[in-house]
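Walk through this structure with the coordinates open. The route runs from pockets to helices, then to cavities and unusual backbone spots.

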Amino acid sequence: MNRALFALVTMTAAAAGFGACSSNDDSQSVLPRSAMLDPETCKTCHADHYREWSGSMHAYAADDPVFLAMNKRGQRETAGALGDFCVKCHAPMAVREGATKDGLNLDTVPRALKGVTCFFCHSVDAVEGTHNGALHVSDDLVMRGGFADPVANTAHRAGYSHLHDRDKVDSAAMCGTCHDIVTNHGAALERTFSEWQASVFSHAPGGATCGQCHMAQGTKLEPVAQAPNVFARRRHSHTFPGVDVALTPFPETDAQKSEVKSFLDSTLQSALCVSTAGGTQMRVLLDNVGSGHSFPSGASQDRRVFTEVIAYAGANVVYQSGVLDPKTAIVHSTDPDLWLMRDCIFDPSGAEAHMFWEVASTEGNALLAQVTFDALDPRFFMTHIERIFPRTGTVAATADRVTLRVRVQPMGKDVLDDLVTSGDLDATLIDKMPTHDVGDLLEWTAAGPSDTVLIDRIPYACVTKTNFNVRADKVPAKEHVRCKP
């Protein structure tokens, strides 16, 4: 569609949309398709949904400067062979409407077609594959949702869909097609959906779908649209918190950061055990109890999850591992004890790769999701992962205080540096990338309360702020073999 014509039609139809929230039994009386494509039209009747979505990473998907930089570089380095590989998930309606073929012109694409829009999600009527955005978008202009009794209205036809019902396991497949990515070399690069399928959350009572975690349901009853005859329901959120945040000015920034923090705090349980018998040795225990998939997940080749352990004797630091140097990417740390969780990626020759379009194989050491809720099942404790600090020996000094933080970088500094070096990313954005803390700082002190546990016949004093069972079986942390650290 001609851009100017699209804008004119959309503005006109959106203006008409202000009267479209009224109830009407005539299901054929609806807004034109051009208006329905625009999330601004949806705001008229669904103000809360729109506000939440407007600050989400779904709305930001086609504006994210890291995505734009990677796509630009990928198109250049593959001589255009990358095609719509990225943009069909980051701006799916722009691809379907013919506004872009490769995402290189997203700065000129109408705003209504950018990001993962209301029209796109609520028009999906079939899942046609397991990865790379294999969804079918209907042309019937029915907006699908999770309610079996939608209210008739003059804005759009509405219908129930199990793919949009967060309480139906099938709904995860709709999310999964863009959150499982297979490269042109056949590598399962992003595996969030398949990780969830392998977890207990996908099939057991007490599990959870993507929507149940990432679209939290409110506790109060309220109308889901501002229109006559719309009765109160429990509305679910459209913020979709995860780990990524907007790096450039964008709506709802503070709310987004707050939701990400709360979301991350619910994922892991941790414990810190300290022995001061003949020096100091520390054991960090982590369990991925709440994410429903591996941690990290998604673009795990670019994410950086690591532990920061600092031991003190009085005011002096006698040991540290995982302490960030703002000038050095964590993957380039010389720390011999660094516990870094990520995917390593390799090209068809087996050499370590740097960008996703090169990837033919991966090697990961993420914290795996739970496979059972049964504490009597031996597999229950297989996600209790343990790492010893230092890896060998002990710290000569006797510590009287030790702290632990689990830290997450949505995108590693090394990845950003690489994109800056190639001329595809603004260098000022590197400092905009946050480092999240998962949960609160965990602190052990010699004088504080602790739980004494014998490990390998050595007494350890353990502290936790969660329900971590420090006496349960534990599994040594998996180490990378083909890449360092």
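How much space lies in the second largest pocket? The answer, in this predicted model, is about 280 Å³. Sixteen residues can be traced around that space: of the 16 that line the second largest pocket, Arg304, Arg342, Glu352, His354 and Asp414 are the closest to its centre. Two elements, β14 (343-346) and α14, each give two or more residues to this lining. The largest share comes from α14, with three residues. By class, the lining of the second largest pocket holds seven charged, six nonpolar and three polar residues.

Now turn to the largest pocket. Its volume is about 370 Å³. It is lined by 25 residues, and the closest to its centre are Ala366, Leu367, Leu368, Ile385 and Lys478. Strands β15 (361-364) and β22 (475-476) each supply at least two lining residues. Of the elements, β15 gives the most to the largest pocket, with three residues. The class split here is 13 nonpolar, six polar and six charged.

Go back to α14, which lines the second largest pocket. This helix spans residues 413-421 and packs against α6 (residues 65-77). Two packed helices are described by the angle between their axes and the distance between the axes. For α6 and α14, the angle is about 55° and the axes are 11 Å apart. The angle falls outside the ranges for roughly parallel (under 35 degrees), roughly perpendicular (65 to 115) and roughly antiparallel (over 145), so α6 is oblique to α14. The crossing of α6 and α14 is left-handed.

Next come the enclosed spaces. How many cavities of 30 Å³ or more does the count give? The count is two. The second largest cavity holds about 40 Å³ of space. Its lining consists of Ser270, Leu404, Arg405, Val406, Val438, Asp440 and Leu442. Strand β17 (residues 401-409) gives the most to this lining, with three residues. By class, the lining of the second largest cavity has four nonpolar, two charged and one polar residue.

The backbone has its own points of interest. Two prolines follow cis peptide bonds. One such bond joins phenylalanine 295 and proline 296, with omega about 5°. Proline 296 sits in the loop between β10 and β11 (304-313). The bond from phenylalanine 389 to proline 390 is also cis, with omega near -10°. Proline 390 is in the loop between β16 (384-389) and β17.

Positive phi values appear at two residues that are not glycines. Leucine 141 has a phi of about 65°. It lies in the loop between β2 (135-137) and β3 (142-145). Is leucine 141 buried or exposed? Its relative accessible area is 14%, which is under 20%, so leucine 141 is buried. Arginine 457 also has a positive phi, near 65°. Its place is the loop between β20 (451-455) and β21 (458-463). Arginine 457 has a relative accessible area of 82%, which is over 50%, so this residue is exposed.

End at glycine 278, in the loop between β9 (268-275) and β10 (281-288). Its relative accessibility is 69%, again over 50%, so glycine 278 counts as exposed. Set glycine 278 against lysine 257. The two are 21 residues apart in sequence. In space, their C-alpha atoms are 43 Å apart.

Key: Residues numbered from 1 in each chain as written. Predicted model: local features only at pLDDT ≥ 70, side-chain atom pairs only at ≥ 80, totals over all residues. Heavy atoms only, no water. Helix = DSSP H or I, 4+ residues; strand = E, 2+ residues; numbered from the N terminus. Buried < 20%, exposed > 50% of the residue type's maximum accessible area, 1.4 Å probe, protein only. 1 Å grid on protein atoms, 1.4 Å probe; cavity = no way out; pocket = protein on both sides within 12 Å on 5 of 7 lines; lining within 4 Å. Points joined across faces, edges and corners; volume = space filled by probe spheres on them. Nonpolar A, V, L, I, M, F, W, Y, C, P; charged D, E, K, R; others polar. Axes fitted to C-alpha atoms, helices over the stretch in contact; angles between N-to-C directions. Left-handed = near helix turned anticlockwise from the far one by under 90°.
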